[in-house]
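Student: I'm new to this one, and I'd like to know where the labels come from. Can we go through them together?
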Amino acid sequence: AEALRVAHSAADPFDLILMDAMMPEMSGFETTRRLKMDPRYSAVPVVGITGNCDAEGTRACLESGMVGVLGKPIETTAMYALLQRLLQARLTGEPPEPSCVSLNQVNQTL
């Protein structure tokens, strides 16, 4: 609920939102659904942060309107790469590719 109040009271919409999937009062999934109903936020990319970055957790994030998922613990290099890609897509007007990045996935590529 607090996240919605902050977003709706902002003079300008945010360029990108990092959303914890499990928040008190209202989940990040429901908060994202409600934000996406607001025309000011319908095109703003929302990245979910969750400890459940498996197929089910990723699906729940994407179905709520999130375009990216970061697994906990967050790997900063992967996070920066994801945020850069999403912000670049927003600047060019291209729809972003949904993705999930977890520390396990990063370690597997090393």
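Tutor: Sure. Keep in mind that this is a predicted model. Let's start with Phe14, which has a relative accessible area of 34%.

Student: Why is Phe14 called partly exposed?

Tutor: Buried means under 20% and exposed means over 50%, with partly exposed in between. Phe14 has 34%, so Phe14 is partly exposed.

Student: What makes Tyr41 buried?

Tutor: The relative accessible area of Tyr41 is 1%, and the cut-off for buried is under 20%, so Tyr41 is buried.

Student: How many aromatic pairs does a search of the whole structure find?

Tutor: It finds one. The pair is made of Phe14 and Tyr41, with ring centres 6.3 Å apart and planes at 45°.

Student: Why is that pair called tilted?

Tutor: The centres have to lie within 6.5 Å, and 6.3 Å passes, so Phe14 and Tyr41 count as a pair. Planes under 30 degrees apart would be stacked and over 60 edge-to-face; 45° is neither, so the pair is tilted.

Student: Which parts of the chain does the pair link?

Tutor: Distant ones: Phe14 is in the loop between α1 and β1, Tyr41 is in the loop between α2 and β2, and they are 27 residues apart.

Student: Now the charged side chains. How do you know that Glu2 and Arg5 meet in a salt bridge?

Tutor: The N to O distance is 3.0 Å, and the limit is 4 Å, so Glu2 and Arg5 qualify. Both lie in helix α1, three residues apart, about one turn of the helix.

Student: Are Glu2 and Arg5 buried, exposed or partly exposed, and why?

Tutor: Glu2 has 47% relative accessibility and Arg5 has 48%. Exposed needs over 50% and buried needs under 20%, so Glu2 and Arg5 are partly exposed.

Student: What makes Lys72 and Asp20 a salt bridge?

Tutor: Their closest N and O atoms are 3.5 Å apart. That is within 4 Å, so the label fits. This pair links distant parts of the chain, with Lys72 in the loop between β3 and α4, Asp20 in strand β1, and their positions 52 residues apart.

Student: And how many salt bridges does the structure hold?

Tutor: Five. Another one of them joins Arg34 and Glu30, at 3.0 Å from N to O. Both residues lie in helix α2, four residues apart, about one turn of the helix. Salt bridges that share partners also join Glu30, Arg33 and Arg34 into one network.

Student: Let's stay in helix α2, where Thr31 lies. Why is Thr31 called buried?

Tutor: Thr31 has 0% relative accessibility, and buried means under 20%, so Thr31 counts as buried. Leaving aside neighbours within four places in sequence, Thr31 is in contact with Ala3, Leu4, Met19, Met23 and Met26. A polar atom of the Thr31 side chain also lies 2.9 Å from the backbone oxygen of Ser27.

Student: What makes Thr58 buried?

Tutor: Thr58 has 14% relative accessibility, which is under 20%, so Thr58 counts as buried too. Thr58 lies in helix α3.

Student: Which residues is Thr58 in contact with, leaving aside its neighbours within four places in sequence?

Tutor: Those are Asn52, Cys53, Val69 and Cys100.

Definitions and conventions:
Residues numbered from 1 in each chain as written. Predicted model: local features only at pLDDT ≥ 70, side-chain atom pairs only at ≥ 80, totals over all residues. Heavy atoms only, no water. Helix = DSSP H or I, 4+ residues; strand = E, 2+ residues; numbered from the N terminus. Buried < 20%, exposed > 50% of the residue type's maximum accessible area, 1.4 Å probe, protein only. Contact = heavy atoms within 4.5 Å. Phe/Tyr/Trp six-rings, centres within 6.5 Å; stacked < 30°, edge-to-face > 60°. Polar contact = N/O pair within 3.5 Å; in protein donor to acceptor, adjacent residues only side chain to side chain.
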